[in-house]
Amino acid sequence: MIVPKSLLALAPVIAGVAAQSKQVISPELSRNQIYDRIMNHMPPTQSHWDQWGSGWIFEDCANFAKERGQNPADYEVFNVHYTDCSEPWIMCRHKAAKVDQIRMIDYFGRLPVRVRQHVKHFIVSYDIGPAAGLYWGGNIALDDDSFDMYVLMHEASHALDFSALRQWGSPFSETSQWKNEWAKDSRIPTGYAGTNWVENFGEIGPIGLFDRYVPGGIGQIQPNWNQIFHQYATYQGYLGDTINYGGTCGSRMGNSQPVSMYARSAKVSAAAFGELPDVSLGSNITVIEPVNAKVVCDKTHLH
């Protein structure tokens, strides 16, 4: 398994059937082995960003805050304009989070654009209760204590599992295409990958991306790579150009609507609000419908 603070035993609320048990590959990989090396091979995307007008927050972020007993007014909302997409990604961040806007923008922009287009919004908070991270309805949220590229790649792999391969089924990890290839391997990448099919796909994601991006591939840090080969090769093969760099976004998930940050009972004057944000997508963008799925990353299962 991936050791300290690597295996976010992400307990899915919507999960698949439990995967058949297999032994974990040996020697064990460390989480640092993956994200320390891969960062040098995941290039940042040039961007600029602007803040939303005062008083406004997008609905998914407002609901996220309320569900955790937080005040939506404690979040800052901003548009991130990456040069490889004509439409910005709308993000929100709790003002108390240790991860700042610049780091959020940098890390998210290191994902290939065709991966990013399957993520609706990106959220970071200082405390999301027992969860280290969440994937739901196309959104990704991370707790600031769990924020790194490994976790982001794992959560992005959930987005790809549910959204990017729908022609075979959603989630793809519960299809016969995935299970048949999984059966050809003698090991699984981590202990948590044996929890269910969804987490098997999520845990193989960072390994598949490492093998794709880092010269020499996964074999340079895992001599027994052939024991999990069919899993990461299937991840790479079916996703194809989606996980390659280059190109521009042709599709995006529709944004959630702007709502007031303030409680309905609050007496707030019109002067407290800036201009109503425009969250519409251009006519050149194909709208991807979000999948009604939720996967919760539980901190109590960290190993």
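A hairpin of 6 residues carries the chain from strand β4 into strand β5. That is a good place to start a walk through this predicted model.

Strand β4 spans residues 75-82, and 6 of its 8 residues are buried. On one side, β4 pairs with its hairpin partner β5 (residues 89-94) in the antiparallel sense, over 6 bridges. Within that pairing, V77 has C92 of β5 as its bridge partner. Strand β2 (residues 47-51) also pairs with β4, again in the antiparallel sense, here over 5 bridges. In this pairing, V80 of β4 stands opposite W49.

Let's turn to the charged side chains. The whole structure holds 7 salt bridges, among them those in the table.

| Salt bridge | N to O distance |
|---|---|
| D60 and K120 | 3.0 Å |
| K98 and D145 | 2.4 Å |
| K184 and E181 | 3.0 Å |

The salt bridge between D60 and K120 links distant parts of the chain, 60 residues apart: D60 sits in helix α2 (residues 59-67), while K120 belongs to the loop between α4 (113-116) and β6 (122-125). How accessible are its two partners? D60 is buried because its relative accessible area, 15%, is under 20%, and K120 is buried too, at 11%.

The K98 and D145 salt bridge joins two loops: K98 lies between β5 and α3 (101-109), and D145 lies between β8 (139-143) and α5 (149-163), so the pair ties together parts 47 residues apart in sequence. Here K98 is exposed, with a relative accessible area of 62%, whereas D145 is partly exposed at 37%.

Definitions and conventions: Residues are numbered from 1 along each chain as its sequence is written. This is a predicted model: local features need pLDDT of at least 70, side-chain atom pairs count only at pLDDT 80 or more; totals for chains, interfaces and linings use all residues. Side-chain values use heavy atoms; hydrogens and water are left out. Buried means under 20% relative accessible area, exposed over 50%, partly exposed in between (1.4 Å probe, protein chains only). Helices (H or I, at least four residues) and strands (E, at least two) are DSSP runs, numbered from the N terminus. Two strands pair if DSSP finds at least two bridges between them. A salt bridge is a side-chain nitrogen of Lys or Arg within 4 Å of a carboxyl oxygen of Asp or Glu.
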